[in-house]
Amino acid sequence: MNRIICCNNRIFATKAGSNVYRLRIPWRPLSNDAAPLLSSQNAGNPEKESEAKQYDIAIVGGGMVGLALACSLASRPLTRHLNVAIIDSNPALGRKHFIKKEDLPDPRVSTITPATISFFKDIGAWQFVEQHRHAYFDKMQVWDYTGLSYAKYNARDADKEVLGCVVENTVLLSSLLSRVQETDLPKKIYPSRLNSMSILPNSSSSEVDSTLSMTALFTHGRLAKLELEDGNSLYVKLVVGADGGKSRVRELAGFRTTGWNYSQNAIICTVEHDVENHCAWQRFLPSGPLALLPIGDKFSNIVWTMSPKESSEFKSITEDNFLEAVNRALDYGYGPHPTPSILGSSDLFSWLKGGISKSANDCFEIPPKVIKLASERMAFPLSLRHANDYASKRVALIGDAAHTVHPLAGQGVNLGFGDASTLSSVISEGIAVGADIGEVSLLKKYEADRKPANVMMMAVLDGFQKAYSVDFGPLNILRAAAFHGAHHISPLKKSIISYASGEMRLPLFA
Ligand SMILES: Cc1cc2nc3c(=O)[nH]c(=O)nc-3n(C[C@H](O)[C@H](O)[C@H](O)COP(=O)(O)OP(=O)(O)OC[C@H]3O[C@@H](n4cnc5c(N)ncnc54)[C@H](O)[C@@H]3O)c2cc1C
């Protein structure tokens, strides 16, 4: 049994779990002057800036996933007193409530799953999202340009209230930041970027006095040293790379990656309708999927995947021509509307155990017309990238730093939030048994939990991307049959919905 003894604000582990590092030094949260929120308070004071500081955790990257980790740490009894440095040069992190209700919609949005909504509620960030524009949706229609079939999903197919919620990225970021700011988590935001990182091997002496100086602990391999672009140096027990797809932490830690570029770009923008949209629409076109996602009021967001050449054309054509192209692509363009009769009716599936899905008789609908562009058009190159390892001594990767996926099913940041939740839970478990939170055997527990789930989702999304990028008669029929099955067969539909909702069961084997 593990026993934790608290004495003068120090915690000693009397027996640690079998596969975690046994701590011979007393664990205590690092104490320093981390409480002030922004190191810009030190700006102009080179003497103070050049002083090294000590933290329990440095989160490199204050994007959505990095801030979610900070909120998650702040919400757990055993981690809420950890000293945390957040490093990111995004100026928005230095402001409170950096979005206003009247601001135009952010063209970057995320479709977030019911599992992510629960996570946001647990960490106390959902109340901030609800104060801004967001759109729950309970219906989804997916079809392709061949006109052979379509699939409609309704939350009621899986006895759920919603399939997801679309939220602008600035709303998610500002909500997480507001939550971090209001918690008691001792934190400091460094408006800078990580330059270099050094981690030395553990010294041979097993007992190290934690009251040694930072440099001595670093020399004994008990702290990592980070150098920031603004000249600050930090000593930390754990470095978390939440610094996105081109992660500097990943590079400095020497993690290899596997992946490829898709030779596809996504054009994203916000559009306006003259009615409210409550459904998520996705049509697979010869060059890639086009999604029209409700974001609240009369706005929707477009994510349109196409070749880089097409994307530069669609980015530069006039607004009228662009809107016409979108309306065509969501309606009769590239091929006819699907009709249920082509592959037969729901009678075909009536013999199945579990029966016909509740929405099997829902008809194909044409999405609402777009009438106005409400934001600039932005283009993003798409790639798949996966770090072969998520953890090594004193380093863990989360979010896009660990995995970048195709956006066709809106799963990327949801996977990152899953990482943040699991890593904070593993850190908390480590503290409970008196482990060193930077010890590799502890961090590998995080990797073992998240890697299979992330790899499975990446494989599913990559399979979709490949299946829909070929225009070949027999394959078109197979795809139509898959749509047809997904539309009619209740257990299959339920499994697809629950997998896409963040309940990590595999669609076909649940
Ligand atoms: C077109 C498109 C549509 C998408 N739609 C969806 C969707 O609907 N649903 C969904 O779940 N996902 C979606 N995604 C994926 C989602 O946007 C990403 O998964 C998400 O942004 C990753 O968040 P992150 O915090 O890990 O990384 P990022 O958002 O990339 O944040 C990384 C942060 O690290 C900082 N940083 C970088 N380098 C350094 C450094 N050296 N030092 C300090 N800080 C640094 C950056 O300033 C940034 O703030 C989409 C992606 C694209 C391209």
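## Helix 10, the ligand shell and the core

Of the 21 residues of helix 10, 16 are buried, so the helix is largely enclosed by the rest of the structure. The model described here is predicted. From its first C-alpha to its last, helix 10 reaches 31 Å, close to the 30 Å expected at 1.5 Å a residue. Just after the helix, glycine 434 takes a positive phi of about 75°.

**The chain as a whole**

The chain holds 13 helices and 22 strands. It has 510 residues, and 47% of them count as buried. Among contacts between residues at least 6 apart in sequence, 79% join residues at least 24 apart.

**Around the ligand**

Which residues come nearest to the ligand? Of the 31 residues around the ligand, these are Gly61, Gly63, Gly244, Gly399 and Gly412. Two or more residues of the shell come from each of helix 2 (64-74), strand 5 (109-112), strand 14 (257-272) and helix 10 (412-432). Helix 10 provides the largest share of the shell, 4 residues.

Sorted by class, the shell around the ligand has 14 polar, 12 nonpolar and 5 charged residues. Domain 1 (4-8 + 30-100 + 174-258 + 383-455) and domain 2 (109-168 + 262-381 + 467-500) each supply at least three residues to the shell.

**The largest nonpolar core**

The largest nonpolar core has 113 residues, of which Ala58 and Val236 touch the most other members. Helix 2 gives the most to this core, with 9 residues. Both domain 1 and domain 2 give residues to the core, so it lies between them.

Which residues does alanine 58 touch, not counting residues up to four places away in sequence? They are Ala85, Ile87, Leu226, Leu234, Val236, Val239 and Val240.

**Two residues with positive phi**

Serine 263 has a phi near 55°, a positive value in a residue other than glycine. Its place is in strand 14, one of the elements that give two or more residues to the shell around the ligand. Is serine 263 buried or exposed? It has 11 C-beta neighbours inside 10 Å, and a residue with 12 or fewer is exposed, so serine 263 counts as exposed.

Arginine 394 is not a glycine either, and its phi is positive at about 70°. This residue lies in the loop between strand 20 (391-392) and strand 21 (395-397). Arginine 394 has 26 C-beta neighbours inside 10 Å and therefore counts as buried.

**Pairs separated along the chain**

The table gives three pairs of residues with their separation in sequence and their C-alpha to C-alpha distance in space.

| Residue | Partner | Separation in sequence | C-alpha to C-alpha distance |
|---|---|---|---|
| Isoleucine 295 | Threonine 111 | 184 residues | 9.3 Å |
| Leucine 461 | Histidine 406 | 55 residues | 6.5 Å |
| Glutamate 447 | Alanine 396 | 51 residues | 8.4 Å |

Isoleucine 295 lies in strand 16, which covers residues 288-296. With 26 other C-beta atoms within 10 Å, isoleucine 295 is buried. Where its neighbours within four places in sequence are left aside, isoleucine 295 is in contact with Pro105, Val109, Arg133, Ala135, Val166, Glu168, Thr270, Ser300 and Asn301.

Leucine 461 belongs to helix 11, residues 440-467. It has 19 other C-beta atoms within 10 Å. A residue counts as buried at 20 or more, so leucine 461 is partly exposed.

Glutamate 447 also lies in helix 11. This glutamate is buried, with 23 other C-beta atoms within 10 Å. Which residues is glutamate 447 in contact with, leaving aside its neighbours within four places in sequence? The contacts are Asp389, Tyr390 and Ala391.

Key. Residues are numbered from 1 along each chain as its sequence is written. This is a predicted model: local features need pLDDT of at least 70, side-chain atom pairs count only at pLDDT 80 or more; totals for chains, interfaces and linings use all residues. A residue is near a molecule or strand if its C-beta atom, placed from the backbone, lies within 6 Å of it. Ala, Val, Leu, Ile, Met, Phe, Trp, Tyr, Cys and Pro count as nonpolar, Asp, Glu, Lys and Arg as charged, and the others, Gly among them, as polar. Domain bounds come from an automatic or database domain assignment. The expected span of a helix is 1.5 Å times one less than its number of residues. Two residues are in contact if their C-beta atoms, placed from the backbone, lie within 7 Å. A nonpolar core is a set of buried Ala, Val, Leu, Ile, Met, Phe, Trp, Tyr and Cys residues joined through C-beta atoms within 7 Å.
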